[in-house]
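Subject: Structure handover

Hello,

I am passing on the structure below, followed by notes on what was found in it. Please read the notes with the structure open.

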Amino acid sequence: MPATTVRLARSAAPGPSPPLDLDEMLAALYADHGSTLRRFATRLTGDHGRAEDIVQETMLRAWRYPEKVAGRTGAPLAWLYTVARHLAIDQHRARQARPTEPAGLTVQAGRAAPDQIDAAIAQWDLATALATLRPRDRDLLIARYLRDRSIGQIAADLNIPAGTIKSRLSAARAALRRNLQPGNG
């Protein structure tokens, strides 16, 4: 940033004022009044973070309008207080215009029904994977897991030993697992 010079208007001093670098003036202003202004802003807002924002914006305005700060007789603290007070009021009005999240909204969001898209996609993938199995394997898996039939009941229905049903179910599960792997359609 280029160095800008400003002449401080001093009513008590006769003759022209020496040029003062704007950055030096702002640094001196902050060093002299920064902590006082921060305490004042904290009392106005009740929040250290907001107070710091107000002090920074106040100093930014002092940098933008050095003639308003420098043109004051005596200490520029009154002008800084006025700017800080107006900024605090503006912040308060802005918060009132845009109210924060209603109480309990996050609790209600947690109670909301889960998204059904994932369940629908999983069901579609399972149906597609089942359709690619051999009919015998598909019928065994449907009987055992969707119709909740026991191994003994399936063995009795098909008139096959229970050990054979177990081994066929194991092979059917492995085939279904392969079909559900990414990249298998």
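In this predicted model, helix 7 (residues 135-146) and helix 9 (residues 162-180) have axes that come within 9 Å and cross at roughly 105°. An angle of 65 to 115 degrees counts as roughly perpendicular, and the two helices are therefore roughly perpendicular to each other. On the side of helix 7, the contact is made by R136, D137, L140, L141, R144 and Y145. Helix 9 contributes I165, R168, L169, A172, R173 and L176. Sorted by class, this contact has 7 nonpolar and 5 charged residues, with no polar ones.

Now the chain as a whole. The protein chain contains 9 helices and 2 strands. Reading from the N terminus, the order is β-β-α-α-α-α-α-α-α-α-α. The chain has 185 residues, and 25% of them count as buried. Among contacts with a separation of 6 or more, 52% are between residues 24 or more positions apart.

Next, the nonpolar cores. The largest one has 18 residues. Which of its residues have the most contacts inside it? They are L29, L37, I54, M59, A62, W79 and L80. At least two residues of this core come from each of helix 1 (22-45), helix 2 (48-64) and helix 4 (77-97). Helix 4 gives the most, with 7 residues. There is also a second, separate core of 14 residues, and L141, I154, I165 and L169 are included in it. Of these, L141 also belongs to the helix 7 side of the contact described at the start, while I165 and L169 belong to the helix 9 side.

On charged pairs, side chains of opposite charge can pair when their charged atoms come close. The count comes to 6 salt bridges. Three of them are described here.

- D47 and R50: their side chains meet in a salt bridge at 3.9 Å, N to O. D47 has a relative accessible area of 29%, so it is partly exposed. R50, at 28%, also counts as partly exposed.
- R134 and D137: the N to O distance in this salt bridge is 3.2 Å. R134 is partly exposed, with a relative accessible area of 47%. D137, by contrast, has a relative accessible area of 4%, and because buried means under 20%, D137 is buried.
- R149 and D157: the closest N and O atoms of this salt bridge are 2.3 Å apart. D157 counts as exposed at 54% relative accessibility, whereas R149 is partly exposed at 26%. Elsewhere, R134, R136 and D137 are joined into one network by salt bridges that share partners.

D137 therefore appears twice in these notes: it is a buried residue, and it is on the helix 7 side of the contact with helix 9. R136 is likewise part of that contact and of the salt-bridge network.

One last residue, T42, lies in helix 1. Is T42 buried or exposed? Its relative accessibility is 18%, so T42 counts as buried. Leaving out residues up to four places away in sequence, T42 touches D47, H48 and A51. D47 is the residue that forms the salt bridge with R50.

Regards

Conventions:
Residues are numbered from 1 along each chain as its sequence is written. This is a predicted model: local features need pLDDT of at least 70, side-chain atom pairs count only at pLDDT 80 or more; totals for chains, interfaces and linings use all residues. Side-chain values use heavy atoms; hydrogens and water are left out. Axes are lines fitted to C-alpha atoms, for helices over the stretch in contact, and angles run from 0 to 180 degrees between N-to-C directions. Helices (H or I, at least four residues) and strands (E, at least two) are DSSP runs, numbered from the N terminus. Angles under 35 degrees count as roughly parallel, over 145 as roughly antiparallel, 65 to 115 as roughly perpendicular and the rest as oblique. Contact means heavy atoms within 4.5 Å. Ala, Val, Leu, Ile, Met, Phe, Trp, Tyr, Cys and Pro count as nonpolar, Asp, Glu, Lys and Arg as charged, and the others, Gly among them, as polar. A nonpolar core is a set of buried Ala, Val, Leu, Ile, Met, Phe, Trp, Tyr and Cys residues joined through side-chain atoms within 4.5 Å. Buried means under 20% relative accessible area, exposed over 50%, partly exposed in between (1.4 Å probe, protein chains only). A salt bridge is a side-chain nitrogen of Lys or Arg within 4 Å of a carboxyl oxygen of Asp or Glu.
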